[in-house]
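Please open the structure in your viewer and keep the selection panel at hand. The tour below moves from stop to stop, naming at each one what to select and what can be found there.

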Amino acid sequence: MTGSPSVAIVGAGLTGCLLACYLARRGERVIVYERRADPRLTGPEQGRSINLALSERGIAALRGIGLEDAVLADALPMRGRMIHPVAGELDFQPYSAEGTLAINSISRGALNNVLLTAAHARPNIEIRFSHRLDRFDPASGELRFSTPDGVRTGSAPVVIGADGARSAVRGELVRHGLSSETVDLLDYGYKELTVPAGSGGFVVDEGALHIWPRGRSMMIALPNPDRSFTCTLFWPDSGAGSFAALDTPTAIRACFRENYPDVEPYLPELVTDYQRNPVGVLGTVRCAPWHAVVAGARVVGLLGDAAHAIVPFYGQGANCAFEDVVVLEDCLDAAGGDWPAALALFERRRTDTEAIASMALANFVEMRDKVASPLFKLGKTVEHALERALPGRYVSRYELVSFSTVPYGAVRRRVRRQHQLLGVLGAIGAFGLLGALGALLRVLARARVPRPGRR
Ligand code: FAD
């Protein structure tokens, strides 16, 4: 890169790399500082590979910069949930009415590597690895980093914190009284296990997201291109069924034989994985404002998990973070390239990030508890029938969140109205067909949703 940077991004994760590519296209000179060494050389952290479900919002943002095909080349489509009861038949539940729409399993590391390579290829982006931000001084605009060669400093007129849920940039804004935050930790953690490929390939259907719902806890599994599955346990932090409650190899094996009997034979490294892999923390980060004007015209903003980390149960954290980049670009266009004005406009996105934060929390209960119940399945059947009967007028929450770019806040409002509609249908018996149809038409007249894939 020639000349001094116009934008400094802290964090070369998913958000930071995609943002760098979008800003470089606008002609900004971008410097990205990353705490880790180059992950393309070192690989992902042990037990923290994280498989993501990438869906329409994330894909649309990648498409916007020409990266959709490169990313999806590493992904596997999942067209529904496969429910594994303790005993009995597996139950496949398609995500969409026609059973054709899919979310995509991809490892966070593979996705990050594609984005890093794309950013590296642009002449006006420089990435400095092994630079951990420790301090930001709002009075001077100076960024201070720990590196293997000692302390280094940097600065730019615009600083964006894309440094994840435990953002150091956010921490500095809070420390200097420029923002405030709340971090609501879930009393659940997560741990990864691996189901290796069997001699015949995938040991369970690779076209589904597998769920073992167990009431208070659950396990999920997503397929990998090497025919293995990455399983993630979501277990409570304390009490019966918690990670701490299993402390011997015999207890670990016995627990899996009892609760996950169909997959236990395919986990040859279960005890080693279980004892070695860390328990990750889950939580929701709320922070306001997301930006501050400092040191004259300099401005600092937050994006992605740094601004609004959410629990992973709707598979939307990265999708939402990618969408942030597109929304920020729209704000920059609307503000004629004026960064403080654009970041002020971006604050309006909080309505949407709040909506997905609460939908993600609610979905945990659905995934770990409700998906196996006959009532839930009946509800899904009715919902899909309504979607087929009223295309574009009745669209399930899952489709709106995962297969469209309708803003999350609008999704929540829309779904409330659809639930009113279901109430009306339920009232058919009580009020008679004509009255209910009248009410139904009134609700539908207020609600028309673009087909999935349209904003
Ligand atoms: P991160 O990915 O955390 O990247 C932040 C980057 O900043 C990292 O590279 C980090 O090393 C760097 N950094 C941190 N601190 C510093 C510092 N002080 N100085 C310099 N660099 C720093 N999302 C989905 O969309 N779908 C899913 O199915 C899904 N499943 C998930 C499952 C689990 C178990 C978890 C935990 C998350 C899941 N997510 C999912 C969420 C997704 O992983 C995050 O939303 C996404 O990674 C956020 O990207 P980011 O770039 O904002 O933050």
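Which strands does helix H11 (residues 339-346) lie across, and at about what angle does it run to E19? Keep in mind, as you select residues 339-346, that this is a predicted model. Helix H11 lies across strand E1 (7-10), E12, E18 and E19, and its direction is at about 25 degrees to that of E19.

**First stop: the sheet under H11**

Stay with these strands and add their partners, and you will see an open sheet of six strands with mixed pairing, in the order E8-E2-E1-E12-E19-E18. E8 and E18 each have a single partner strand and stand at the edges, so one side of each is left without a neighbour in the sheet. If you look from strand to strand, neighbours in this sheet are turned against each other by 15 degrees on average, direction ignored.

For a closer view, select strand E12 (residues 158-161) together with strand E19 (residues 298-302), which pair in the parallel sense over four bridges. Within this pair, Val159 has Val300 in E19 as its bridge partner. As a general point, the strands of a sheet pair through backbone hydrogen bonds, and they do so either parallel or antiparallel.

**Second stop: the sheet of seven strands**

Now select the strands of another open sheet, in which seven strands follow the order E6-E5-E14-E15-E16-E13-E17, again with mixed pairing. Its edge strands are E6 (91-94) and E17 (280-288), each of which pairs on one side only. Here the average turn between neighbouring strands is 25 degrees, direction ignored.

At one end of the order, show strand E5 (residues 80-83) beside E6: the two run antiparallel and are joined by four bridges. One residue to label is Arg81, whose bridge partner in E6 is Gln93. Then select helix H6 (residues 168-175), which lies across strand E13 (180-195) and E17, and which runs at about 160 degrees to E13.

**Third stop: the ligand and its shell**

Select the ligand next, and show the 30 residues around it, of which Thr15, Glu34, Arg36, Ala53 and Ala318 come nearest. This shell divides into 13 nonpolar, ten polar and seven charged residues. Helix H1 (14-25), strand E3 (51-54), strand E9 (132-137) and helix H10 (317-334) each supply at least two residues of the shell, and H10 gives the most, with three residues.

Which residue places a polar side-chain atom 2.9 Å from an oxygen atom of the ligand? Select Asp305 to see this contact. Two further contacts use the backbone of the protein: a polar backbone atom of Leu14 is 3.2 Å from an oxygen atom of the ligand, while a backbone N or O atom of Leu133 lies 2.9 Å from a nitrogen atom of the ligand. Taken alone, the ligand exposes 1,000 Å², and the protein buries 89% of that area.

**Last stop: three loops**

To finish, turn to the backbone in the loops, beginning with Pro289, which has its place between E17 and strand E18 (291-294). The peptide bond that leads from Ala288 to Pro289 is cis, with omega near -10 degrees.

Select Ser130 next, in the loop between strand E8 (125-128) and E9; its phi is near 55 degrees, which is a positive value in a residue other than glycine. Then move to the loop between strand E15 (218-223) and strand E16 (229-236), where Arg227 is found. Although Arg227 is not a glycine, it has a positive phi of about 75 degrees.

Key. Residues numbered from 1 in each chain as written. Predicted model: local features only at pLDDT ≥ 70, side-chain atom pairs only at ≥ 80, totals over all residues. Heavy atoms only, no water. Pairing = 2+ DSSP bridges. Axes fitted to C-alpha atoms, helices over the stretch in contact; angles between N-to-C directions. Contact = heavy atoms within 4.5 Å. Near = heavy atom within 4 Å. Polar contact = N/O pair within 3.5 Å; in protein donor to acceptor, adjacent residues only side chain to side chain. Areas by Shrake-Rupley, 256 points an atom, 1.4 Å probe, with all protein chains shown as cover. Nonpolar A, V, L, I, M, F, W, Y, C, P; charged D, E, K, R; others polar.
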